[in-house]
Amino acid sequence: MCYWLFYEVLYPEVSFFRVFKYITTRAFCAALCSFFLVLIFTPIFINYFKKRGICERVKKEYLENHIHKEAIPTMGGIIILFAIITSTILFSRCNNRLIILILLTTMGFGLLGFLDDFLKTKKRPLKIREKLFGEIGIAILVGIYLFLCPLSASSTNIAIPFTKGFFFNLGIFYILFCILVIISSSNAVNLTDGLDGLAIGSCIFVCLGFIVMSYLAGHIKLSSYLKISYVPQAGELVVYLASLLGASLGFLWFNSHPATIFMGDTGSLTLGGVMGTTALVIKQEIPLIILGGLFVLEAGSTLIQIVSWKLFGTRVFLMAPLHHHFEKKGWYESKIVIRFWIIAIIFVLLSFATLKIR
């Protein structure tokens with residue numbers, strides 16, 4: 001909207017508005033806009049949710065030290081999504097099909113997460129298979145679109161990091177691969193969202209990594225130099241990701257320990273879903289495993305725990321996901337969160353190596 005108003009309409013009359021042509025300018029504005037939207041509206045939502053009794057539900061038999069969190073409002077993801085969507089519409093080129101795709105994905109996962117959070121307040125949340133069915137439905141639509149309407153010449157190719165031009169062409173099976181990536185990413189972030197500021201803080205670092213990768217993927221000269229897939233118009237995703245970054249920073253202001261609001265599945269499912277979709281769009285599917293390494297550890301610990309219990313009747317961890325294991329060992333919540341943030345930063349830095357080392 002601002003691109004059209006300031007650059008296409010007003011720029012011929014006022015030369016200053018030429019700056020809105022540049023992705024970096026609009027990304028900076030989008031980040032600030034979403035940040036302040038969250039700062040302004042979150043206190044209003046907190047008061048409203050408290051009055052309506054929309055608060056966290058804690059499993060007392062597992063997390064007795066989290067009982068005090070039952071009085072804390074949840075569904076804060078609504079604020080995050082509102083800020084992201086508003087800022088993206090204001091500062092991106094809304095006729096860009098990548099922006100349209102990522103916004104539709106955001107709204108799809110947002111509605112699914114909201115439904116689950118809302119039903120939790122009624123003490124009848126979605127069953128795991130019901131939630132999974134919804135996630136698969138959204139992922140199938142994304143996969144079909146990417147297969148039928150390719151974004152680049154290598155749309156169904158899966159590039160292997162640290163190699164020169166080596167890739168697998170999945171053909172129609174790329175749709176199944178899309179489902180795997182999106183569902184895995186969505187649930188990994190959802191599992192990580194268990195301590196104050198842990199998931200949203202980690203998303204900030206991963207988002208920074210995606211901003212760099214999206215800009216490079218959409219720049220024909222830089223992508224050619226780094227030998228990564230060039231995706232036309234992918235640079236516009238930087239504006240969306242900047243909106244996500246600003247909204248996450250704003251939400252962390254309230255979600256940091258001790259949290260005054262939680263984002264719930266409305267936020268965590270959506271953030272994970274859009275990260276998986278972004279990786280597919282910019283052709284960084286395998287590097288996503290490194291970039292989101294912390295989320296992989298959290299999801300992996302849960303999977304290991306389930307398999308170990310089902311097959312051998314024993315538990316590898318005191319409790320899964322991994323952050324709860326360290327809680328059971330007596331670590332303070334704030335110490336776990338900060339140390340996991342450090343791990344997330346290290347994984348993001350390692351992911352940049354996949355762009356250069358060939």
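A residue counts as buried when its relative accessible area is under 20%. By that cut-off Phe 340, at 3% relative accessibility, is buried. The model described here is predicted.

## Aromatic pairs

The structure holds nine aromatic pairs. In one of them, Phe 45 and Phe 49 meet edge-to-face, with 5.5 Å centre to centre and 70° between the planes. Both residues belong to helix α2 (residues 23-52) and are four residues apart, about one turn of the helix. An α-helix has 3.6 residues a turn, so residues three or four places apart point the same way. Phe 49 is buried, with 4% relative accessibility, whereas Phe 45, at 24%, is partly exposed. Phe 45 and Phe 49 also belong to one aromatic cluster together with Tyr 48.

Phe 326 and Phe 340 make up another of the pairs. Because the planes of their rings stand at 80°, with the centres 6.0 Å apart, this pair is edge-to-face. Phe 326 lies in helix α13 (residues 322-328) and Phe 340 in helix α14 (residues 333-356), so that the pair links distant parts of the chain, 14 residues apart. What is the burial state of Phe 326? Phe 326 has a relative accessibility of 18%, which is under the 20% cut-off, and therefore counts as buried. Its partner Phe 340 is buried as well, at 3%.

Two arginines are placed over tryptophan rings. The charged end of Arg 315 sits over the ring of Trp 309, 4.3 Å from the ring centre. Arg 339 lies over the face of Trp 331, and here the distance to the ring centre is 4.8 Å.

## Salt bridges

Side chains of opposite charge can pair when their charged atoms come close. The count of salt bridges in this model is six. Three of them are set out below, each with the distance between the closest N and O atoms.

| Salt bridge | Closest N and O atoms |
|---|---|
| Asp 265 and Lys 120 | 3.4 Å |
| Lys 131 and Asp 265 | 3.0 Å |
| Glu 285 and Lys 283 | 2.8 Å |

Asp 265 forms a salt bridge with Lys 120. This pair links distant parts of the chain, since Asp 265 is in helix α10 (residues 264-281) and Lys 120 in helix α4, 145 residues apart. Asp 265 also forms a salt bridge with Lys 131. That pair links distant parts of the chain too, with Lys 131 in helix α5 (residues 128-148) and Asp 265 in helix α10, 134 residues apart.

The partners of Asp 265 can be set side by side for accessibility. Asp 265 counts as buried at 6% relative accessibility, and Lys 131 is buried too. Lys 120, in contrast, is partly exposed, with a relative accessible area of 32%. In the salt bridge of Glu 285 with Lys 283, both residues are buried. Which residues are joined into one network by salt bridges that share partners? The network consists of Asp 116, Lys 120, Lys 131 and Asp 265.

## Helix α4 and its ends

Helix α4 has 25 residues and reaches 36 Å from its first C-alpha to its last, close to the 36 Å expected at 1.5 Å a residue. Asn 96 is located in the loop between α3 (77-91) and α4 (97-121). Asn 96 caps the N-terminal end of α4, with a side-chain oxygen 2.8 Å from the backbone nitrogen of Leu 98. A polar atom of the Asn 96 side chain also lies 3.3 Å from the backbone oxygen of Gln 233. Apart from neighbours within four places in sequence, Asn 96 is in contact with Gln 233 and Glu 236. Is Asn 96 buried or exposed? With 5% relative accessibility, Asn 96 counts as buried. After the other end of α4 comes Lys 123, whose phi is positive, near 60°.

## Helix α7

Helix α7 (residues 198-217) has 20 residues, and its first and last C-alpha atoms are 29 Å apart, close to the 28 Å expected at 1.5 Å a residue. How many residues of α7 are buried? Of its 20 residues, 17 are buried, and α7 is thus mostly covered.

Technical notes
Residues are numbered from 1 along each chain as its sequence is written. Side-chain values use heavy atoms; hydrogens and water are left out. Rings of Phe, Tyr and Trp (its six-membered ring) pair if their centres lie within 6.5 Å; planes under 30 degrees apart count as stacked, over 60 as edge-to-face and the rest as tilted. Helices (H or I, at least four residues) and strands (E, at least two) are DSSP runs, numbered from the N terminus. Buried means under 20% relative accessible area, exposed over 50%, partly exposed in between (1.4 Å probe, protein chains only). A charge sits over a ring if NZ of Lys or CZ of Arg is within 6 Å of the ring centre and within 35 degrees of the ring normal. A polar contact is a pair of N or O atoms within 3.5 Å; within protein, one must be able to donate a hydrogen and the other to accept it, and residues adjacent in sequence count only if both atoms are side-chain atoms. Contact means heavy atoms within 4.5 Å. A salt bridge is a side-chain nitrogen of Lys or Arg within 4 Å of a carboxyl oxygen of Asp or Glu. The expected span of a helix is 1.5 Å times one less than its number of residues.
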